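Q: I am new to this structure and would like a close look at a single part of it. Could you take me through one sheet and whatever packs around it, and then set that part beside the rest?

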Amino acid sequence: MSALPVDSLKSLADLHPKPSHLTFQYGTAGFRTLGSVLDSVMFRVGVLAGLRSKKLDGKTIGVMVTASHNPEPDNGVKLVDPRGEMLENAWEVHATTLANAPTTDAFVEALSAFVKALKIDLSKPARVVYARDTRPSGPALVSALEDGIKAIGAEGRDAGVTTTPVLHYLVRAINTKGTPEEYGEDSEEGYLNKLTAAFKKLVAGKPASPPLIVDCANGVGAKIAAKLSESLGDTLRLIPVNTATTTPEALNNSCGADYVKTSQKLPPSLASQLKAGQRACSLDGDADRLIYYYLDDRSKFHMLDGDKIAALVAAFVVDLTKAAGLESQIKVGIVQTAYANGGSTKYLSERLPVKCVPTGVKHLHHAAEKYDVGVYFEANGHGTVLFSPESLKTLSSHQPSTPAQSTALNYLVQLTNVINQTVGDGLSDMLLVEVVLAHKAYSGEEWDSLYVDLPNRLVKVVVANRNIFKTEDAERRLVSPPGLQTKIDELVRRYNGGRTFVRPSGTEDVVRVYAEAIVRSQADELAFRIAGLVYDETGGDPARRPVEFL
Ligand SMILES: CC(=O)N[C@H]1[C@@H](OP(=O)(O)O)O[C@H](CO)[C@@H](O)[C@@H]1O
Ligand SMILES: [Mg+2]
């Protein structure tokens with residue numbers, strides 16, 4: 001076991017001092033806050049990524065610098081494990097501890113203790129691949145990250161400006177290179193070629209879909225959508241819009257998947273372009289979310305969110321397993337969170353097993369791995385479909401007994417290629433949706449009519465301390481502050497079809513309130529009443545009480 005390179009660590013760490021007044025936390029989406037205060041965090045994450053790689057025998061670890069759908073001044077960083085999945089839970093705590101060591105000396109001391117406790121063999125090689133989105137704070141933060149990677153003696157590979165899902169793909173592709181599980185060529189181009197080739201096979205012989213408007217949130221998705229559009233050619237005509245990646249403050253501003261989902265509105269920039277009946281979709285700032293929508297004949301806006309995508313895709317996979325004669329061997333299951341619309345949960349659970357897990361992709365991903373085919377989507381449009389290793393084996397060894405079975409089997413195999421198996425990808429999900437719509441010959445309206453969404457409302461409550469909020473039952477009930485859940489239960493009972501829950505956000509300093517009911521006005525009223533209750537019960541200042549709270 002060699003020792004920590006203390007001198008190089010200290011001299012480089014001194015260039016990235018921790019701001020004394022801040023505490024950082026590795027939350028649902030890694031570290032995320034104002035880009036201007038993240039320098040020390042980036043350096044330390046670089047060191048930690050190197051150590052994680054050493055711990056895993058030199059396997060490549062990914063680091064993504066992004067704040068996704070958040071405003072442009074925000075930034076963040078998250079680590080990606082060797083199979084392209086989110087960082088293992090236990091290390092989130094280590095990341096938080098190391099990020100908060102107050103001085104260089106304290107940091108190096110914490111590092112030594114950590115290396116000892118985890119028995120990390122420092123003589124092992126270390127490799128890190130990293131990328132960033134288009135935020136202006138990105139380049140400086142990446143340079144701090146590179147110092148960290150250098151300080152621990154790891155080998156760094158800069159994947160440049162790309163989307164979060166591309167980075168996840170790269171990590172798995174690099175780590176499986178030359179093995180029987182090879183995931184694909186380890187480049188952005190390799191990924192896009194893989195998606196395009198599978199998509200072309202899946203839609204061969206189907207009538208071409210109408211051109212699709214893709215709102216890129218003025219983020220990094222614009223870059224990848226342009227490349228994808230080129231490689232798709234006429235197979236699917238994409239019209240990327242909101243592609244102003246260098247315009248100050250444009251990122252996620254009145255556009256993108258989060259804007260559409262939260263405001264339940266068309267991005268104003270699309271108003272003059274979108275025709276009645278035409279489909280469009282929105283990505284978020286790092287292109288791992290996708291929301292579809294269309295305007296009906298009366299120009300009314302209809303949203304097709306993550307729940308609708310899950311319903312569409314799950315039914316398609318089930319149909320194909322039946323047609324391939326694999327229905328008894330490959331069972332499809334769904335994973336949702338409490339934010340899934342009650343309409344979708346009812347529709348899906350009448351047909352398939354449905355599990356509810358806490359918010360955050362890692363929870364959904366892990367639960368989905370337990371099914372033969374696990375379809376997971378957050379209502380906000382982040383999700384994917386996972387095929388278990390056994391299902392993949394079944395697909396490659398199954399002997400179809402009719403030409404129809406053979407066709408269905410081939411479709412299933414190509415689905416595993418068009419779907420990103422490491423993490424949700426807005427663009428790969430978009431191709432998946434287009435495949436299903438082409439096969440079913442569905443318009444947006446027909447897809448929308450699978451089930452009816454219950455009116456719902458999401459409200460943020462700024463509280464003095466969101467850490468006092470503790471939940472149970474997949475975040476559907478509060479256990480703390482004591483007594484609050486009972487009051488919520490009393491209120492919700494008065495609303496027809498009412499459902500509500502309160503949980504602390506993992507990415508913002510707020511508490512979120514979700515409510516739904518049979519009627520729109522009741523869903524709104526319930527949400528604002530609960531928001532008022534939470535505010536008052538947890539010491540909110542009456543003088544600053546938001547006017548909409550009831
Ligand atoms: C209601 C909602 O959309 N919450 C989002 C949001 O988490 P919060 O913990 O609610 O802040 O960001 C997460 C990371 O992107 C995402 O996984 C999650 O779905
Ligand atoms: Mg995102």
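A: In this predicted model, the part to look at is an open sheet of 5 strands, whose order is β7-β6-β8-β9-β10 and whose pairing is mixed. The edges are taken by β7 (238-241) and β10, and since each of these has a single partner strand, one side of each is left without a neighbour in the sheet. Going from one strand to the next, the twist averages 25°. As background, strands of a sheet pair through backbone hydrogen bonds, and they may do so in a parallel or an antiparallel way.

At the β10 end of the order, β9 and β10 run antiparallel and are joined by 4 bridges. One pairing that can be followed residue by residue is that of L295, whose bridge partner in β10 is F301.

Two helices can then be placed against these strands. Helix α8 (residues 221-232) lies across β6, β7 and β8, and runs at about 165° to β7. Helix α9 (residues 256-263) has 6 buried residues out of 8, so this helix is largely enclosed by the rest of the structure. The buried residues in α9 are G256, A257, D258, Y259, V260 and K261, and what they pack against includes strands of the sheet, namely β6 (212-215), β8 (279-283), β9 (290-295) and β10 (301-304). After α9 comes Q264, a residue with a positive phi, near 55°.

To set this part beside the rest, it helps to turn to the nonpolar cores. The largest nonpolar core has 137 residues, and those touching the most other members are V45, V63, L145, V313 and V418. The element that gives the most to this core is helix α10 (residues 306-323), with 9 residues. Taking L145 as an example, and not counting residues up to four places away in sequence, its contacts are M42, F43, V45, G46, V63, V65 and Y130. Another core, of 27 residues, lies apart from the largest one, and among its members are F469, L478, Y514 and A517.

Finally, there is the surrounding of ligand 1, where 15 residues are found, the closest being A29, N380, S505, G506 and T507. Sorted by character, the residues of this shell comprise 3 that are nonpolar, 9 that are polar and 3 that are charged.

Terms used. Residues are numbered from 1 along each chain as its sequence is written. Chains are lettered from A and ligands numbered from 1 in the order in which they are written. This is a predicted model: local features need pLDDT of at least 70, side-chain atom pairs count only at pLDDT 80 or more; totals for chains, interfaces and linings use all residues. A nonpolar core is a set of buried Ala, Val, Leu, Ile, Met, Phe, Trp, Tyr and Cys residues joined through C-beta atoms within 7 Å. A residue is buried if 20 or more other C-beta atoms lie within 10 Å of its own, exposed if 12 or fewer, and partly exposed in between; C-beta atoms are placed from the backbone. Two residues are in contact if their C-beta atoms, placed from the backbone, lie within 7 Å. A residue is near a molecule or strand if its C-beta atom, placed from the backbone, lies within 6 Å of it. Ala, Val, Leu, Ile, Met, Phe, Trp, Tyr, Cys and Pro count as nonpolar, Asp, Glu, Lys and Arg as charged, and the others, Gly among them, as polar. Two strands pair if DSSP finds at least two bridges between them. Axes are lines fitted to C-alpha atoms, for helices over the stretch in contact, and angles run from 0 to 180 degrees between N-to-C directions.
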